[in-house]
Amino acid sequence: MDRSSPVPLYYQLSQQLEAAIEQGGLAPGSLLGNEIDLAARLGLSRPTVRQAIQSLVDKGLLVRRRGVGTQVLHSQVRRPLELSSLYDDLEAAGQQPATRVLLHTTEPAGARVAAALGVPEGTEVVLVERLRLAHGEPMAHLRNHLPVGLLDLDGGGLAATGLYRLIRSAGITLHSARQTVGARAATAAESGLLGEPEGAPLLTMERTTYDDTGRAVEFGSHVYRASRYSFDFQLLVRP
């Protein structure tokens, strides 16, 4: 701890603990020990340690369990804004992705889906709805619309891997996408799916993906748990 720094000690401690969680130094399920022991070991006051721990509890990185103590949860997933699938990003981060297929059907395209895919409103399109999990914990609710006949999809394939892998395996080259990121409160239905309280903040993403011919091949409308998920942006300054 740098006691000469203007950065509060609790924040310095919370940043060090968060880095240890992100880098695997504090493994999921491990215990931090009680506040009194931590304070004594680090030479800090108990209120300082308590505030640092609470900030990480609020971020969803730690949890206080009665009769157990303060326990490390899985680190928050930080996803770069690039043309990749959530499944691939979770797998690359060692997050053990899994998928529960909720719906796989066709339906008439509404105005928003039709505009995204470049088809007349009312055209039959494929709808795939999934719950994406990491380490068995819900992370995101995914709804994807695709043109009928684009590729053959089945429940087994959708449950076993990511949608972009399936699209690429069909010989389709993904080239670019238009994406919008936002936030809103969880509905009652989303609360049940994602394990968040109704009204909890959720991150939203809408993305239209195009192949190398400029054809729209997929429109996704996704919601993510803000407590477990974030987007990373890299901004470049124009000369």
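**View 1. Contacts of Leu-62 in the predicted model.** In this predicted model, Leu-62 touches residues from several stretches of the chain once neighbours within four places in sequence are left aside. On the lower-numbered side, Leu-62 is in contact with Ile-21, Leu-32, Ile-53, Leu-56 and Val-57. On the higher-numbered side, the contacts of Leu-62 are with Thr-70, Gln-71, Val-72 and Leu-73. One of these contacts, Val-72, is also the residue that stands opposite Leu-62 in strand E2.

**View 2. The hairpin of strands E1 and E2.** Strand E1 covers residues 62-65 and strand E2 covers residues 69-72. The two strands run antiparallel to each other and are paired over 4 bridges. Between E1 and E2 lie 3 residues, and the two strands form a hairpin. Gly-67 sits in the turn and has a positive phi of about 80°. Leu-62, in E1, faces Val-72 across the strand pair.

**View 3. The largest nonpolar core.** The largest nonpolar core contains 15 residues. Within this core, the residues that touch the most other members are Leu-32, Val-49 and Leu-62. At least two core residues come from each of helix H1 (9-22), helix H2 (35-42) and helix H3 (46-58). H3 gives the most, with 4 residues. Another core, of 14 residues, lies apart from this one. Members of that other core include Leu-153, Leu-163, Leu-174 and Val-217.

**View 4. The aromatic pair of Tyr-10 and Tyr-11.** The structure holds 1 aromatic pair. Tyr-10 and Tyr-11 form this pair, with ring centres 6.4 Å apart and planes at 80° to each other. The arrangement is edge-to-face, because an angle over 60 degrees between the planes counts as such. Tyr-10 has a relative accessible area of 25% and is therefore partly exposed. Tyr-11 is also partly exposed, with a relative accessible area of 38%.

**View 5. The whole protein chain, for orientation.** The secondary structure of the chain comprises 8 helices and 10 strands. The chain has 239 residues, of which 44% count as buried. Its exposed surface is about 12,400 Å², and carbon and sulfur atoms supply 53% of that area. Among contacts between residues at least 6 apart in sequence, 58% join residues at least 24 apart.

Methods:
Residues numbered from 1 in each chain as written. Predicted model: local features only at pLDDT ≥ 70, side-chain atom pairs only at ≥ 80, totals over all residues. Heavy atoms only, no water. Phe/Tyr/Trp six-rings, centres within 6.5 Å; stacked < 30°, edge-to-face > 60°. Buried < 20%, exposed > 50% of the residue type's maximum accessible area, 1.4 Å probe, protein only. Core = buried A, V, L, I, M, F, W, Y, C linked by side-chain atoms within 4.5 Å. Contact = heavy atoms within 4.5 Å. Areas by Shrake-Rupley, 256 points an atom, 1.4 Å probe, with all protein chains shown as cover. Pairing = 2+ DSSP bridges.
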